[in-house]
Amino acid sequence: QVQLVESGGGLVQAGGSLRLSCAASGRTFSGYTMGWFRQVPGKGREFVASITWSGGITSYVDFVKGRFTISRDNAKNTVYLQMNSLKAEDTAVYYCAARPNYSAQFGFWGQGTQVTVSS
């Protein structure tokens, strides 16, 4: 089991920045690929970014490329999502997720943190 706790959400003006953090506990953190997802009311949860256990491979959904950066610190069991040039449409609940490196499914989820971007 992996327990995930997000932090860093809040209210920011359009064009501003926020950094989300996700602290993991439980199994060996380095054995997991980590991801960030987001969800708005009435819509499904959508993929935002992911990072492999070594940090060597990152993946982003098109609408955040060039604005968001995912990173991780395995010594601190923490993954980050740096969000720059925020837009009103980035408003959502952001979730941290983990999947074992051998699995294709993200099976562990945090409780989510609200990000609100005012226009």
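Phe63 has a relative accessibility of 36%, and therefore counts as partly exposed, since the partly exposed class lies between the buried limit of under 20% and the exposed limit of over 50%. The model examined here is a predicted one, and Phe63 makes a friendly place to begin a walk through it. This phenylalanine sits in the loop that runs between β6 (58–60) and β7 (68–73). When neighbours within four places in sequence are left aside, the contacts of Phe63 are with Arg38, Glu46 and Phe47. A further comparison can be made with Val48: 15 residues separate Phe63 from Val48 in sequence, while their C-alpha atoms are 8.5 Å apart in space.

Attention now turns to strand β9, which spans residues 92–100. Of the nine residues in β9, eight are buried, and the strand is thus described as mostly covered. Which strands pair with β9? One of them is β4, made up of residues 32–39, which runs antiparallel to β9 and is joined to it over eight bridges. Within this pairing, Tyr95 of β9 has Phe37 standing opposite.

Strand β11 (residues 113–118) is another partner of β9, again in the antiparallel sense, with three bridges between them. Here Ala92 can be followed across to its bridge partner in β11, Val115. The short listing for β10 gives residues 108–109, and this strand pairs with β9 over two bridges, also in the antiparallel sense. Looking across from Ala98, one finds Phe108 of β10 standing opposite.

Strand β9 also takes part in a link of another kind. In general terms, a disulfide is a covalent bond between the sulfur atoms of two cysteines. How many disulfides does a search of the whole structure find? The search finds one. Its two members are Cys22 and Cys96, with a distance of 2.1 Å from S to S. Distant parts of the chain are linked by this pair, as Cys22 belongs to strand β3 (residues 18–26) and Cys96 to strand β9, with their positions 74 residues apart in sequence. The link has a handedness too: the angle about the S-S bond is -80 degrees, and the connection of Cys22 and Cys96 is left-handed.

Are the two cysteines buried or exposed? Both Cys22 and Cys96 are buried. Strand β9 can thus be followed from its pairing with β4, through its pairings with β11 and β10, to the disulfide that ties Cys96 to Cys22.

Methods:
Residues numbered from 1 in each chain as written. Predicted model: local features only at pLDDT ≥ 70, side-chain atom pairs only at ≥ 80, totals over all residues. Heavy atoms only, no water. Buried < 20%, exposed > 50% of the residue type's maximum accessible area, 1.4 Å probe, protein only. Helix = DSSP H or I, 4+ residues; strand = E, 2+ residues; numbered from the N terminus. Pairing = 2+ DSSP bridges. Contact = heavy atoms within 4.5 Å. Disulfide = S-S within 2.5 Å.
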